[in-house]
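Q: I would like to learn how to read the features of a protein model one at a time. Could we begin with the structure in view?

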Amino acid sequence: MNRILLLEDDLSLLDGLSYSLKRQGFGLDIARTIKEAGTIWLEGKYDLLILDLSLPDGSGFEICQKVRQVSNVPIIFLTASDEEINIVKGLDLGGDDYLTKPFRLGVLISRMNALLRRAKNFGETDTEISSNGIKVLLLQGQVYKAGRPLALTTAEYRLLCLLMQNPNRILSKAKILDKLWDGDGNYVDDNTLAVYIHRLRLKIENNPAHPQMLLTIRGMGYKWTVVS
């Protein structure tokens with residue numbers, strides 16, 4: 001049974017979500033404040049987090065930041081705001097998906113299952129990827145550059161894995177978005193992907209201004225080039 005931590009303070013929404021998720025076979029713990037979510041997170045082990053952004057004592061972004069210091073568990077944000085700045089911020093902090101209220105429960109459950117499958121698949125393929133001095137330990141969800149650990153968000157980690165698993169191949173933007181967000185994340189555009197590419201280069205390239213590994217192929221997409 002997959003365990004879910006739901007952070008939400010809207011009682012009318014909580015009733016429907018709780019009923020539907022439990023009916024789908026998920027184990028569910030509910031928090032209604034940032035403080036409560038922080039306590040519950042420390043006490044349990046979860047397979048996925050669903051975080052509302054607007055809470056009485058803060059934002060779900062705060063929990064995301066704390067969790068990302070120690071875990072790559074999938075995170076979905078729920079919010080009444082569909083402003084692009086919030087979408088980019090949420091994904092940049094390490095969120096995996098984003099739903100704007102009101103939303104259909106079936107869509108939420110579909111995206112949850114997709115994220116859970118993807119998280120599981122990362123551990124069932126090769127256990128290690130390595131090139132250009134970058135090593136990814138898939139079972140542990142850890143990345144090293146020249147033996148030193150790199151702190152990557154979940155989105156950056158998935159993007160790096162996808163590129164490194166397809167060395168010297170051009171991946172179109174559409175293919176990357178489809179692989180990372182299952183084609184459902186229509187809100188994820190070229191600008192959002194460009195943010196991830198930029199931030200990933202800052203962490204892995206020796207000279208991010210003149211990348212040698214993660215290349216932009218103008219008009220086509222991106223390529224992980226194995227440097228000889």
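A: Let us start with a single residue in a loop: P102 lies in the loop that runs between strand 5 (97-100) and helix 5 (105-124). Please keep in mind throughout that this is a predicted model.

Q: What kind of peptide bond joins K101 and P102?

A: The bond between K101 and P102 is cis, with omega at about -5 degrees.

Q: Which domains does the assignment give for the protein chain, and what does UniProt list for residues 3-116?

A: The two sources are best read side by side. The domain assignment gives domain 1 (3-124) and domain 2 (128-224), and the centres of domain 1 and domain 2, taken over C-alpha atoms, are separated by 24 Å. UniProt, in an unreviewed entry, lists residues 3-116 as "domain: Response regulatory"; over residues 3-116 the chain is 46% helix and 21% strand, with the end C-alpha atoms 11 Å apart.

Q: How should I read the pairing of strand 6 and strand 7, parallel or antiparallel?

A: One looks at the sense of the pairing and then at individual partners. Strand 6 (residues 128-131) and strand 7 (residues 134-137) pair in the antiparallel sense over four bridges, and within this pairing I129 stands opposite V136 of strand 7. Strand 7 is also joined to strand 8 (residues 142-145), again by four bridges and in an antiparallel arrangement, where I134 has K145 in strand 8 as its bridge partner.

Q: What is notable about the backbone of N132, and where does N132 lie?

A: N132 has a positive phi of about 55 degrees although it is not a glycine, and its place is in the loop between strand 6 and strand 7, a hairpin with two residues between the strands. At 22% relative accessibility, N132 counts as partly exposed. N168, which is not a glycine either, has a positive phi of about 60 degrees; N168 sits in the loop between helix 6 and strand 10 (170-171) and, at 45% relative accessibility, counts as partly exposed.

Q: Which residues of helix 3 are buried, and why are they on the same side of helix 3?

A: A useful approach is to list the buried positions and then ask how they are spread around the axis. In helix 3 (residues 60-68) the buried residues are G60, F61, I63, C64, V67 and R68. They cover an arc of only 160 degrees around the axis, and therefore lie on the same side of helix 3. The elements that these buried residues pack against include strand 1 (3-7), strand 4 (75-79) and helix 6 (154-164).

Q: How many residues has the largest nonpolar core, and why does it lie between domain 1 and domain 2?

A: The largest nonpolar core has 50 residues, and those with the most contacts inside it are L49, V136, L159 and L160. Helix 6 gives the most to this core, with eight residues. Because domain 1 (3-124) and domain 2 (128-224) both give residues to this core, it lies between them. Another core, of 19 residues, lies apart from it and has I4, L14, L21 and L108 among its members.

Q: Is T192 buried or exposed, and which residues does T192 touch?

A: T192, in helix 8 (residues 190-204), has a relative accessible area of 3% and is therefore buried. Leaving aside residues up to four places away in sequence, T192 touches V88 and L91. T192 and D92 are 100 residues apart in sequence, while their C-alpha atoms are 8.7 Å apart in space.

How values were computed:
Residues are numbered from 1 along each chain as its sequence is written. This is a predicted model: local features need pLDDT of at least 70, side-chain atom pairs count only at pLDDT 80 or more; totals for chains, interfaces and linings use all residues. Side-chain values use heavy atoms; hydrogens and water are left out. Two strands pair if DSSP finds at least two bridges between them. UniProt positions are given in the numbering used here, feature names are shortened, and annotations may be inferred rather than shown by experiment. Buried means under 20% relative accessible area, exposed over 50%, partly exposed in between (1.4 Å probe, protein chains only). The arc is that of the directions from the helix axis to the C-beta atoms. Contact means heavy atoms within 4.5 Å. Domain bounds come from an automatic or database domain assignment. A nonpolar core is a set of buried Ala, Val, Leu, Ile, Met, Phe, Trp, Tyr and Cys residues joined through side-chain atoms within 4.5 Å.
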